[in-house]
Amino acid sequence: MTDTWIILGATSAIARAFARTQAQSGCGLILCGRDFTDMEATAADARARGAAFVEVAAFDARQPETFAPILALTPGLSGMVNCAVFVGSMPEQGEMDADPALIEGCVTDSYTGPARFLTMLAPLMEQRGGGAIVGVGSVAGDRGRLGNYVYGSAKAGFATYLSGLRNRLARSGVHVMTVKPGPVDTAMTWGLPSMPFMTSPAGVVADILKGLKKQRNVIYTSGIWRIIMTVIRLVPEPIFKKMKI
Amino acid sequence: MRWNTDRPTTGWGRALRATSDVARPERAAQLDQALAPAVGNRRSYGDAALNDDGRVIDMTRLDRILSFDRATGEVEVEVGLTIGDLARVMAPQGWLPPVMPGTGFATIGGCIAMDVHGKNHHGAGSFGQHVTEITLIQASDRRRITPADTGIFAATVGGLGQTGIISRARLRLMPAKANIVTVTERRATGWDEHIALLDASQATYCVGWIDATATGHSLGRGILEEAETAAGLVPAPKASKKVPFDAPNFALSAPIVRAFNALYYRRVPEAGRTVVKPIQEFFFPLDRIHDWNRLYGKRGFHQFQCVVPVDQKDALREMLEAITRSGLASPLAVLKRMGPGRAGYMSFPMEGYTLAVDFPNRHAAVKLIERLEQMTVAAKGRLYLAKDSLATGDQIKAMYPDHALWADEAAKADPTGALQTDLTRRLDLRDMP
């Protein structure tokens with residue numbers, strides 16, 4: 001019996017760190033994304049680290065026809081099928097203000113694309129009666145802010161979707177965990193002005209593994225963001241709307 | 001590739017600093033976008049990984065194992081992979097990196113560019129001798145070189161990154177039934193006994209710790225560690241600790257170091273002992289304390305490391321005397337017998353004895369190191385460029401007889417000098433003689 005992780009957005013730094021840990025514990029991996037050259041390197045790395053098997057598959061949140069072929073890889077698998085979602089895109093808010101057509105892509109990448117995929121995957125997991133889904137959202141989804149409210153709203157939608165999916169799948173033994181990272185030290189944040197309480201991809205993955213072990217429903221990473229976001233959510237709207245954070 | 005502008009960086013010793021624009025690509029294809037010195041985890045003590053007022057490319061996010069042949073033990077890796085990570089992954093599968101430096105945080109790229117050595121240098125040679133192929137990114141070229149490409153390969157291994165960005169490397173691992181190390185520790189009561197024990201050792205891994213505060217009859221006393229890898233139940237490695245702030249300046253003052261060293265020496269019983277350790281604890285003892293370089297305070301520290309030929313051990317003893325007289329040494333002092341193995345024109349190793357000692361960055365220590373460097377020149381020895389921050393270009397060129405060959409290859413490979421670092425500029429290494 002080998003458990004398998006489907007990893008959506010396998011080229012992101014966090015996904016790569018996550019794939020590494022699962023390879024080392026002997027799971028099978030299905031790496032899904034757009035950059036095959038990069039995914040092949042990650043696949044080779046996973047094999048060297050002890051993954052039971054590694055497949056590389058095309059996944060584009062904006063091209064739903066890529067979804068079914070990934071799911072078609074699952075029927076022959078022996079153990080539990082799990083899925084971790086690391087996709088999303090964060091165009092600058094200013095760019096979207098200037099070109100509202102960009103909003104659709106951001107929402108598809110960060111919310112509707114992965115939601116559609118997970119909705120297709122859900123019955124297969126219900127059938128197996130177990131496994132886990134890790135959905136990576138963002139603290140940006142906890143309250144709409146001047147700086148990135150389109151991205152934030154997409155992640156908020158995804159978080160709400162995950163909470164509903166959790167409600168549905170818990171009945172058949174499937175665990176759904178929502179992960180809300182604060183700033184993470186990746187290519188996305190490299191070269192931007194320094195941000196407080198930044199964590200590393202390895203730090204996020206350590207928190208994800210701990211959360212999975214404890215069957216947590218929603219985790220913040222690093223943990224301090226739970227407190228920060230609680231405070232930010234408590235600021236009354238009349239005051240919040242004048243703030244610039 | 002996005003550049004993180006005006007980022008302050010330091011060498012591991014934190015005595016030399018630079019401000020650079022730094023890129024940290026996460027996709028290998030981005031390496032084609034710019035040519036600048038490539039750096040890893042900056043474990044070189046001095047300025048080998050610094051490029052003040054210029055650009056550097058941080059390779060640490062390109063750290064995957066690209067192929068692994070379980071039958072032959074040959075791996076190809078992206079060179080941002082650390083040697084510690086490679087060891088951690090491979091040891092349970094029966095293979096080990098054939099050469100491991102004293103820190104697991106060194107990247108494979110750094111191990112090649114410095115042609116590092118380990119505690120088994122007398123038997124296994126230097127790191128570069130186990131490298132079978134290197135992928136180099138040059139201004140208008142991406143090429144694979146092997147040891148058969150004599151000039152460029154010898155200029156790249158130990159070549160301080162001056163022949164191109166080393167992006168991938170293929171190396172032969174060593175079969176090892178290894179997840180633990182059995183370490184036999186014994187006291188050496190003085191210099192002559194220490195040297196004799198090092199000379200007589202038959203062990204695969206052998207290194208001596210020196211109490212660089214002991215004087216008189218005890219001069220050169222220390223602990224000889226001999227080790228073999230083995231299979232066995234792994235004792236859980238102790239969790240690593242962090243140094244949360246810069247230590248005050250008195251933390252490594254003479255009385256404290258003396259007291260620490262005396263305790264450390266007596267830790268091993270007079271009759272010696274054999275202990276079992278997880279591999280990383282033996283090979284990378286200091287990695288258990290993250291950022292241990294902060295223990296030296298804000299001003300940082302220097303490491304002096306030289307190697308002298310076998311017949312110059314008296315010169316080495318004189319150096320140790322000068323060090324103990326100064327009272328400036330830190331607890332970190334290491335003596336090792338080196339074999340002749342080296343793979344590049346600018347590789348450090350030579351058959352003989354190597355001594356490495358840390359000193360806090362103070363005026364008196366700088367003066368002492370300058371003297372030790374002159375003594376090294378007189379003894380026909382060599383200074384290690386991964387550690388150096390104080391030598392002069394003339395000294396280095398005198399120590400490295402193949403320097404001209406290297407400079408010639410580097411000039412062909414990087415005609416515009418885009419890969420120059422603070423180190424190559426300080427020592428005028430790229431100047432053709």
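Biologist: By class, how many nonpolar, polar and charged residues does the lining of the largest cavity have?

Modeller: Please note first that this is a predicted model. The lining of the largest cavity has five nonpolar, four polar and three charged residues.

Biologist: How is empty space found in general, and how many cavities of 30 Å³ or more does a search of the whole structure find?

Modeller: Rolling a probe the size of a water molecule over the atoms shows where empty space is left. Here, the search of the whole structure finds four cavities of 30 Å³ or more. The largest cavity holds about 80 Å³ of space.

Biologist: Which elements of chain B each supply at least two residues of that lining?

Modeller: They are strand 18 (301-309) and helix 9 (363-378) of chain B. Strand 18 of chain B gives the most, with four residues. The residues that line the largest cavity include His302(B), Phe304(B), Ile369(B), Glu373(B), Tyr384(B) and Lys387(B).

Biologist: Let us turn to a single residue. Is Arg24(B) buried or exposed?

Modeller: Buried means under 20% relative accessible area. Arg24(B) has 8% relative accessibility, and therefore counts as buried. Arg24(B) is found in the loop between strand 2 (17-23) and strand 3 (38-39) of chain B.

Biologist: With which residues is Arg24(B) in contact, leaving aside its neighbours within four places in sequence?

Modeller: From chain A, the residues are Asp185(A), Thr186(A), Ala187(A) and Trp190(A). From chain B, they are Arg2(B), Asp58(B), Thr60(B) and Arg61(B). With Asp185(A), the side chain of Arg24(B) makes a polar contact, side chain to side chain, at 2.9 Å.

Terms used
Residues are numbered from 1 along each chain as its sequence is written. Chains are lettered from A and ligands numbered from 1 in the order in which they are written. This is a predicted model: local features need pLDDT of at least 70, side-chain atom pairs count only at pLDDT 80 or more; totals for chains, interfaces and linings use all residues. Side-chain values use heavy atoms; hydrogens and water are left out. Buried means under 20% relative accessible area, exposed over 50%, partly exposed in between (1.4 Å probe, protein chains only). A polar contact is a pair of N or O atoms within 3.5 Å; within protein, one must be able to donate a hydrogen and the other to accept it, and residues adjacent in sequence count only if both atoms are side-chain atoms. Contact means heavy atoms within 4.5 Å. On a 1 Å grid over the protein atoms alone, a cavity is a set of points where a 1.4 Å probe fits but cannot get out, and a pocket is an open set with protein on both sides within 12 Å along at least five of seven lines; lining residues have an atom within 4 Å of a point. Grid points are joined across faces, edges and corners, and a volume is the space filled by probe spheres set on the points. Ala, Val, Leu, Ile, Met, Phe, Trp, Tyr, Cys and Pro count as nonpolar, Asp, Glu, Lys and Arg as charged, and the others, Gly among them, as polar.
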